[in-house]
Amino acid sequence: MIPELSGSNKVVGAKQVRRALRDGRAARLYMALDADPRLLQPLVQEAVNRQVPVVQVPSMRELGASCGIAVGAAVAVLLK
């Protein structure tokens with residue numbers, strides 16, 4: 001469980017994460033290791049380009065639970 005993702009200062013899902021990265025609102029990117037690499041690769045590259053730290057989470061289920069949703073999540077961003 002990731003306590004900092006339990007608050008409202010986050011976005012979940014590829015579209016929202018991409019938007020937060022491009023807008024410069026992302027403080028930290030969380031990625032599930034069991035998510036599709038084709039989905040993750042461009043988002044991780046964008047995070048690296050913008051010097052946003054990337055944190056790996058073992059599973060989509062764990063990331064989703066940390067974000068307070070009932071389904072798995074491939075990516076999430078903690079906002080500034």
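Which residue stands opposite V77 in β4? L29 does, and that pairing is a handy way into this predicted model. Here are some points to look at with the structure open.

1. **The strand β4 and its partners.** Start with β4, where 5 of its 5 residues are buried. V75, V77 and L79 point one way from this strand, while A76 and L78 point the other way, and all of them are buried. On one pairing, β2 and β4 run antiparallel and are joined by 5 bridges; the L29 and V77 pair belongs here. On another, 3 bridges join β1 to β4, again antiparallel.

2. **The other pairing of β2.** β2 also pairs with β3, and here the strands run parallel, with 4 bridges between them. If you would like a residue to find on screen, M31 has Q56 as its bridge partner in β3. β2 is mostly covered too, with 5 of its 7 residues buried.

3. **The nonpolar core.** The largest nonpolar core has 27 residues, and V17, L63, V75 and V77 are the ones that touch the most other members. The elements giving two or more residues to this core are α1 (14–22), β2 (26–32), α2 (37–49) and β4 (75–79). Two of the residues just named, V75 and V77, are on the list of those that point one way from β4.

4. **V75 as a place to look around.** Setting aside neighbours within four places in sequence, V75 is in contact with V12, G13, A14, V17, L29, Y30, M31, L40, L43 and L63. V17 and L63 appear in that list, and both are also among the core residues that touch the most other members. K15 makes a useful contrast: this lysine is found in helix α1, and its C-alpha atom is separated from that of V75 by 9.7 Å, with the two positions 60 residues apart along the chain. K15 counts as exposed because its relative accessible area is 66%, and the cut-off for exposed is over 50%.

5. **A buried lysine worth a second look.** Which side chain of opposite charge is nearest to K10? It is E4, at 12 Å, and K10 is buried yet has no salt bridge. A salt bridge needs the nitrogen and the carboxyl oxygen within 4 Å, so a side chain 12 Å away does not qualify. What the side chain of K10 does reach is backbone oxygen: that of G7 at 2.5 Å, and that of C67 at 3.5 Å.

6. **The setting of K10.** K10 lies in strand β1 (residues 10–12), and its bridge partner in β4 is L78. Not counting residues up to four places away in sequence, K10 touches L5, C67, V77, L78 and L79. C67 thus comes up both as a contact of K10 and as the owner of a backbone oxygen that the lysine side chain reaches.

7. **The salt bridges.** Side chains of opposite charge can pair when their charged atoms come close. The count for this model comes to 4 salt bridges, and three examples follow. D23 and R25 meet at 3.8 Å, N to O; D23 is partly exposed at 49% relative accessibility, and R25 is partly exposed at 32%. D36 pairs with R38, with the closest N and O atoms 3.1 Å apart; here D36 is partly exposed at 34%, whereas R38 is exposed at 70%. R50 pairs with E46, with the closest N and O atoms 2.6 Å apart, and R50 is partly exposed at 41%.

8. **An unusual backbone angle.** Where does Q51 lie? Q51 is in the loop between α2 and β3 (54–57). Most residues other than glycine have a negative phi. Q51 has a positive phi of about 60 degrees although it is not a glycine. Q51 also counts as exposed, since its relative accessibility is 73%.

Terms used:
Residues are numbered from 1 along each chain as its sequence is written. This is a predicted model: local features need pLDDT of at least 70, side-chain atom pairs count only at pLDDT 80 or more; totals for chains, interfaces and linings use all residues. Side-chain values use heavy atoms; hydrogens and water are left out. Buried means under 20% relative accessible area, exposed over 50%, partly exposed in between (1.4 Å probe, protein chains only). Lys and Arg count as positive and Asp and Glu as negative; His and the chain ends are not counted. A polar contact is a pair of N or O atoms within 3.5 Å; within protein, one must be able to donate a hydrogen and the other to accept it, and residues adjacent in sequence count only if both atoms are side-chain atoms. Contact means heavy atoms within 4.5 Å. A nonpolar core is a set of buried Ala, Val, Leu, Ile, Met, Phe, Trp, Tyr and Cys residues joined through side-chain atoms within 4.5 Å. Two strands pair if DSSP finds at least two bridges between them.
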